[in-house]
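Q: Please take one part of this structure, its charge pairing, and go through it closely. Then work outwards from there to the surroundings, with the cut-off behind each term.

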Amino acid sequence: MKKHASSRARVMAALLVFFALAFLIPALQTGSSVLWSLTIAVPAAMLILLLFPARVFFLDKSSLSSALTLCGLGIMASSGISPDAALSQSLRCVSAVIFLFAGAVMSRSFRPSIPAAVLVSLFALGMIAFPLVSGSSVSLLDGGLALLMFALVSFFSLRSCLPGLAFAFVGLLLLLLQQEIIAAAVWGLCTVLLFWVASGRGLWTWIAFGTFCAVFAVYLGIFFHPSGIAFEPFLPRISALPLIVPEPANLSEASSGSLYLLLGSHYGGIVLFCVPLLLSLILLRGASVASHARKSFHAALAFGTVLLLGLRTISVLLMLTDLLPLSAGCFPLLTDYVPQMFADFFLLGILSGISSRNEADLLEDARLSMLAR
């Protein structure tokens, strides 16, 4: 145990030094007061979050450290545009931490019930349908899907599969009406896999899968026009990036893609391998949390969280490598879009809350074992 804690402390120290140097070197070159402030503020914020709130709210330090590293990389990428952009990105990350605590508290204290599941489902569908109702360009679909997944797991844990599938189907239709094809595909797969895990009914799982496929086939046959696809050759741009020593980058072009490409343009292509690696660590930790959960509700909830984050990560990778001819989205946690960042931290909080429940169960088992002696 001491050896494990010592290794974790060394990794934490290395991360803090890395991010301090990442802002210190450009601060020395440009003399920017904002970069000088970030040299201290970013490592200090990471250290404070890993030491104090993580203990108070029993947050999972493994997934939290990976998430904070991704946020730090996003701030580094934004500094390639301007110091003010980096400062704005850091403020987004700090404000998103509130939703990390919200997800942890909600996953620990929530008790599944039909009225609560219906209420959460209606609120989630309202978030998904917000652009259709209001005509606004603001999209809340990531947060809506996170809450809808929460409600879906509640229905399945209560053996009320049909209402859960009905709400999931409405969510799918709302996504398709907004032409969110990738989000709809991710949500459809997540629903079918969660239904299979929660119910264990193979025949009904195939029926649900066939229904979702039929909806997609009808939608693509009627509304999908390949000539209108926004295609961007991301793979040539990634392959053209230098691996270690970055050349002077055309940051205006890079910023039109994503923080991911901007990160590679400013710091070298080798940094781009870190993002899928860090996300895979979070997903593996989430799978471990799901496998160790005592209650089926918490196990399915952790599994659904891993599905949402993992399928979205895979979809972004497919689009970045041109295997899907669509404009690439943003990786989880590596985004400058505030609603998506809030939703990602909420999902991460869910994993932390379930992880703390698992640890509490183990401590209770150890206490009972000591009393039995």
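A: The side chains of Arg312 and Asp142 meet in a salt bridge, with nitrogen and oxygen 3.6 Å apart, where a salt bridge is a side-chain nitrogen of Lys or Arg within 4 Å of a carboxyl oxygen of Asp or Glu. This pair links distant parts of the chain, since Arg312 is in helix α16 and Asp142 is in helix α8, 170 residues apart; helices here are DSSP runs of H or I with at least four residues, strands are runs of E with at least two, and both are numbered from the N terminus. The model is a predicted one, in which local features need pLDDT of at least 70 and side-chain atom pairs count only at pLDDT 80 or more, whereas totals for chains, interfaces and linings use all residues. Residues are numbered from 1 along each chain as its sequence is written, and side-chain values use heavy atoms, with hydrogens and water left out.

Arg312 also meets the side chain of Asp344 in a salt bridge, at 2.9 Å from N to O. Because Arg312 lies in helix α16 and Asp344 in helix α17, this pair ties together parts that are 32 residues apart in sequence. The count of salt bridges comes to two, and Asp142, Arg312 and Asp344 are linked in a network.

How buried are the partners? Buried means under 20% relative accessible area, exposed means over 50%, and partly exposed lies in between, with a 1.4 Å probe and protein chains only. Arg312 counts as buried because its relative accessibility is 15%, and Asp142 counts as buried at 18%. Asp344 is buried as well, with a relative accessible area of 1%.

The helices of this network also contribute to the largest nonpolar core, which has 61 residues and in which Met149 and Trp187 have the most contacts; such a core is a set of buried Ala, Val, Leu, Ile, Met, Phe, Trp, Tyr and Cys residues joined through side-chain atoms within 4.5 Å. Among the elements that give two or more residues to this core are α6, α8, α9, α10, α16 and α17, and the largest share, 12 residues, comes from α8. Trp187 touches, among others, Leu148 and Met149, Ala168 and Leu172, and also Leu308, where a contact means heavy atoms within 4.5 Å and residues up to four places away in sequence are not counted. A second, separate core of 49 residues includes Leu16, Phe101, Leu272 and Val316. In soluble globular proteins, nonpolar side chains tend to be buried together.

Helix α9, residues 161–177, can be checked for its length: the expected span is 1.5 Å times one less than the number of residues, so its 17 residues should span 24 Å, and its end C-alpha atoms are indeed 24 Å apart. Its buried residues include Phe167, Ala168, Gly171 and Leu172, and α9 is followed by Gln179, whose phi is positive, near 60°.

Ser121, in helix α6 (residues 114–128), touches Phe167 along with Leu148, Ala151 and Phe155, again leaving aside residues up to four places away in sequence. At 0% relative accessibility, Ser121 counts as buried. Its side chain reaches the backbone oxygen of Ala117 at 2.7 Å, which falls under the rule for a polar contact: a pair of N or O atoms within 3.5 Å, of which, within protein, one must be able to donate a hydrogen and the other to accept it, with residues adjacent in sequence counted only if both atoms are side-chain atoms. In helix α5, where Ser90 lies, a polar atom of the Ser90 side chain is 2.5 Å from the backbone oxygen of Leu87, and Ser90 is buried, with a relative accessible area of 11%.

For the chain as a whole, there are 17 helices and zero strands, and buried residues make up 48% of its 373 residues. Among contacts between residues at least 6 apart in sequence, 70% join residues at least 24 apart. The accessible surface comes to about 17,800 Å², of which 72% belongs to carbon and sulfur atoms; such areas come from the Shrake-Rupley method with a 1.4 Å probe, and for residues only the protein chains shown count as cover.
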